[in-house]
Amino acid sequence: MSELADRLERVRRRIAEAAASAGRDTSEITLVAVGKTFPAEVLREAVVSGATDLGENRVQEAVAKRPLIPPARWHLIGPLQRNKAKLALENFDVVHTLDRKELADRLQNLLVEHWPERRLPVTLEINVGHESQKAGALPEDALDLLLHTRGCDRLEVRGLMAIPPWGDDPESSRPYFRELRELRDELQQTVQVALPELSMGMSHDFEVAIAEGATMVRVGTAIFGHRG
């Protein structure tokens, strides 16, 4: 087993242990292997070693890498600008970072024009830490964004996504993960719609995220190592 395959397996074991501790089924949790800045051959090795879902922060990286890698499900986990929306639709299967009405409208219009039979799974990015330097809708604006996006019939709103404020202690993320889950629950009740996905948790805090209900964890360093 290669070093990468071994790290991937260790992450899977940690996910299983965290799920068991929380009384959850591991099958509820999708591991998104985040390969940003790593070359295509490294991502290829991850897919060959069993990774089924790949995440990228930048549209251009997926454009360059995807043709060189065996089939996988590609997740956009970084900010999306309107002028990159068509490229994103050509290269990603899921968008985690829909955070404003204008972007929803742009994706909707492109889908209607170029992919009329396609529905794009998305999660709404929420800025749970109210950090001015980060993307994401504020929690108090989430209902308005959800209602607007649900009016875009080519978009399938699957749930919410967040990147909490950084802290060395994984436990510092817990209140933000809990806030996202509670916001999701509130939106489900208000709108009477299923929002099954919570995209939250990265290499240093995904076990805490799983304890708080994460269904998609975005793990890079723990699988690929530190970036040079």
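This is a guided tour of selections to make in the viewer, with a note on what is found at each stop.

The model is predicted, and local features are described where pLDDT is at least 70, side-chain atom pairs count only at pLDDT 80 or more, and totals for chains, interfaces and linings use all residues. Residues are numbered from 1 along each chain as its sequence is written, and side-chain values use heavy atoms, with hydrogens and water left out.

**Stop one: strands β1 and β2**

Select residues 53–56, which form strand β2; helices (H or I, at least four residues) and strands (E, at least two) are DSSP runs numbered from the N terminus. Both faces of β2 are covered, with Asp53 and Gly55 on one side and Leu54 and Glu56 on the other, and all of these are buried, where buried means under 20% relative accessible area, exposed over 50% and partly exposed in between, for a 1.4 Å probe and protein chains only. In a regular strand the side chains alternate between the two faces of the sheet. Now add β1, which pairs with β2 in the parallel sense over two bridges; two strands count as paired if DSSP finds at least two bridges between them. Val34 stands opposite Gly55 in β2.

Continue to Thr37, which is found in the loop between β1 (30–34) and α2 (40–48). Thr37 has a positive phi of about 75 degrees although it is not a glycine, and at 53% relative accessibility it counts as exposed. Most residues other than glycine have a negative phi.

**Stop two: strands β5 and β6**

Select residues 120–125 for strand β5 together with residues 155–161 for strand β6. The two strands run parallel and are joined by six bridges, and Leu120 stands opposite Leu155 in β6. Strand β6 is mostly covered, since five of its seven residues are buried.

**Stop three: helices α5 and α6**

Two packed helices are described by the angle between their axes and the distance between the axes. Select α5 (residues 101–114) and α6 (residues 142–150), which pack at an angle of about 15 degrees with their axes 10 Å apart; axes are lines fitted to C-alpha atoms, for helices over the stretch in contact, and angles run from 0 to 180 degrees between N-to-C directions. The two helices are therefore roughly parallel to each other, given that angles under 35 degrees count as roughly parallel, over 145 as roughly antiparallel, 65 to 115 as roughly perpendicular and the rest as oblique.

To see where they meet, show Lys101, Ala104 and Asp105 in α5 with Asp144, Leu145, His148 and Thr149 in α6, contact meaning heavy atoms within 4.5 Å. The residues of this contact divide into two nonpolar, two polar and three charged; Ala, Val, Leu, Ile, Met, Phe, Trp, Tyr, Cys and Pro count as nonpolar, Asp, Glu, Lys and Arg as charged, and the others, Gly among them, as polar.

**Stop four: helices α6 and α7**

Keep α6 in view and add α7, residues 174–191. The axes of α6 and α7 come within 11 Å and cross at roughly 55 degrees, and the two helices are therefore oblique to each other. On the α6 side, Ala142, Leu143, Leu146, Leu147 and Arg150 meet Leu183, Leu187, Thr190 and Val191 in α7. By class, this contact has seven nonpolar residues, one polar and one charged.

**Stop five: the loop after α7**

Which residues does Val193 touch, not counting those up to four places away in sequence? Select Val193, in the loop between α7 and β7, and Leu146, Arg150 and Gln188 appear as its contacts. Val193 is buried, with a relative accessible area of 15%, whereas Gln192, in the loop between α7 and β7, counts as exposed at 64% relative accessibility. Gln192 has a positive phi of about 55 degrees although it is not a glycine.

**Stop six: Arg181 and Ala214**

Return to α7 and select Arg181, which counts as partly exposed at 23% relative accessibility. Leaving aside residues up to four places away in sequence, Arg181 touches Leu198, Glu212 and Gly213.

Finish at Ala214, in the loop between α8 (206–211) and β8 (216–219), which counts as buried at 0% relative accessibility. Again not counting residues up to four places away in sequence, Ala214 touches Arg24, Ile29, Leu198, Met200 and Ala209. The C-alpha atoms of Ala214 and Phe177 are separated by 8.1 Å, although these residues are 37 residues apart along the chain.
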